[in-house]
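Trainee: I am new to this structure and should like to study a single part of it closely. Please choose a boundary within the protein, describe it, and then set it in its surroundings.

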Amino acid sequence: MPESHEFDLLCRGCEKVLSEHELRAKLALGRPLRVKLGVDPTAPDIHLGHSVGLSKLRQFQDLGHEAILIIGDFTAMIGDPSGRSVTRPQLTHQQVLSNAKSYQEQAFKILSRERARIVFNGEWFEAMSFEEVIKLNSRVTLQQMLVREDFRERIDKGQPIRAHEIQYPIMQGWDSVMIKADVELGGTDQLFNIMVGRDLQREEGQPRQVCMVMPILEGLDGKQKMSKSLGNYVALNESPGDMFGKLMSISDELMPKYYRILLSEELSAGGHPMESKKALARRITARFHSEADAAAAQAEFETRFSKKDLASADLPAFTPGGAARDIVSLLVEAYGQCFQLTKSRSDARRLVEGGSVQWRGEKVADPKAVLPQGEPGVLKLDKTRAVRIG
RNA sequence: GGGUAGGUUCCGGAGUGGCCAAACGGGGUGGACUGUAAAUCCACUGGCAUUGCCUUCACAGGUUCGAAUCCUGUCCUGCCCA
């Protein structure tokens, strides 16, 4: 492939490439480049937000380059302060390692196993002596660390910034030094961290990595970036039904962004927004499952939500274990058994009083209602959840 | 170390002895309307129980018939000074 074509392909979808001529020069070297992408296993799931960088990394792989996925088992314990207004909770190494395990599996839903290297940054950080840490820290100035806007904001608002938080960019940068990265990928919020990597590489006499940042995928709420802790995400290992359903809930306003970022294309004008959204949901679901699964998810979605036909919908089976058949007890039990959600009885009562609960298509508005023993039927809990009894 | 301002329910932020489970805003949840969209409107938003009870206002004690509100000590944070 001619270099210029490769260059164009790689730059597609990037928000910024620093610098383009350096990337061209690297590509012209004629050897596989070491392309770095770091993820911090702060939660067990990889979501669509992560998929943006991973897909770009995959593209590099397909062009013959080497993908280096850094699992930040060590940095995850610190927590990336990027875009944060409060200190992240610190995780134990054990939590992080267990998250890391499921991360790897999910990452290979996108990455090819060929030309991929997975590296834990604990590999070098764990072995570092305090002396080395000090030495590393002496390479940067406090002012450099504090210019970033999220820190500025916290200073302005009088919110604390703990000393360990400014270590984060330095550590991420050191990762680049350790693997001699040619390119580092990340979201736009990673620009600062990646640039620190360049500085450290220069200090170490290494050629500096090219920084390629991708747009940040907004979460389902359309307000903040997609993240586990905000609960506005779609995980890669979710069921086709959940994936499809969640994508159907995004706002019309958000749709063009999802088209652009996840499908790398422009949403064509005209057409009913709902149809465009179904197409989006269908294609993304198919990407992580199969076309057949996606089609089934869509069909299920349509019977369930468009036709509101709960009776023929594919619902989780609920077998009340307790003897109590009053509606509140049943709800609490169903949430726990079928959805792993702990609801208080007050909460369940509120749902009943709010008119969301239905038994066999009939609204149950009385919290004291008692369902007949042993009768089969569908119990609707809330907007998106229902179970089948019997 | 000194000075000073603070720590309230998911967040912001009222409340300075009883009428406080605690205003108001945001967020969230449920409902109406719809396209599981947006906007709008309504309700709910500590727990258990249906007129009540229990646990909450950094923590531990204390004063009071009665405290988020007063006192004492402790912990934590911002700012200023060293």
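**The boundary between domain 1 and domain 2**

Mentor: Between domain 1 and domain 2, the number of salt bridges is zero. Please bear in mind throughout that this is a predicted model. The count of residue pairs in polar contact across this boundary, with both partners at pLDDT 80 or more, is likewise zero. On the side of domain 1 that touches domain 2, the residues comprise three nonpolar, one polar and one charged.

To place this boundary, consider the division of chain A: domain 1 covers 3-214, domain 2 covers 240-307, and domain 3 covers 317-389. Five residues of domain 1 and five residues of domain 2 take part in the contact between these two domains. Their C-alpha centres are 30 Å apart.

The size of an interface is often expressed as the accessible area that is lost when its parts come together. Here, about 480 Å² is buried between domain 1 and domain 2, and carbon and sulfur atoms account for 79% of that area. On the domain 1 side, 75% of the area buried against domain 2 comes from L48, V52 and K109, a larger share than any other three residues supply.

The absence of salt bridges at this boundary may be set against the whole structure, where a search finds 24 of them. Side chains of opposite charge can pair when their charged atoms come close. One salt bridge joins D62 to R58, with 3.0 Å between the closest N and O atoms. Both D62 and R58 belong to helix α3 (residues 48-62), where they are four residues apart, or about one turn of the helix.

The surroundings also include RNA strand B. Around this strand are 29 residues, of which D252, F301, S346, R350 and K368 come nearest. The residues of this surface are made up of eight nonpolar, eleven polar and ten charged. Helices α12 (240-248), α14 (273-288), α15 (291-306) and α17 (345-353) each contribute at least two residues to the surface, and α17 has the largest share, with five residues.

On the RNA side, sugar or phosphate accounts for 64% of the strand B atoms within 4 Å of the protein, and bases for the rest. Two side chains approach phosphate oxygens of the strand: a polar side-chain atom of R349 is 3.3 Å from one, and an N or O atom in the side chain of K380 also lies 3.3 Å from a phosphate oxygen. G245, by contrast, places a backbone N or O atom 3.5 Å from a base oxygen of RNA strand B.

Two details of the backbone complete this account. The peptide bond between L18 and S19 is cis, with omega about -10°, and S19 sits in the loop between β1 (16-18) and α2 (20-27). K308, although not a glycine, has a positive phi of about 55°; K308 is found in the loop between α15 and β7 (317-318).

Definitions and conventions
Residues are numbered from 1 along each chain as its sequence is written. Chains are lettered from A and ligands numbered from 1 in the order in which they are written. This is a predicted model: local features need pLDDT of at least 70, side-chain atom pairs count only at pLDDT 80 or more; totals for chains, interfaces and linings use all residues. Side-chain values use heavy atoms; hydrogens and water are left out. Domain bounds come from an automatic or database domain assignment. Contact means heavy atoms within 4.5 Å. Buried area is the accessible area (1.4 Å probe) that two parts lose on being put together, summed over both. A salt bridge is a side-chain nitrogen of Lys or Arg within 4 Å of a carboxyl oxygen of Asp or Glu. A polar contact is a pair of N or O atoms within 3.5 Å; within protein, one must be able to donate a hydrogen and the other to accept it, and residues adjacent in sequence count only if both atoms are side-chain atoms. Ala, Val, Leu, Ile, Met, Phe, Trp, Tyr, Cys and Pro count as nonpolar, Asp, Glu, Lys and Arg as charged, and the others, Gly among them, as polar. A residue is near a molecule or strand if one of its heavy atoms lies within 4 Å of it.
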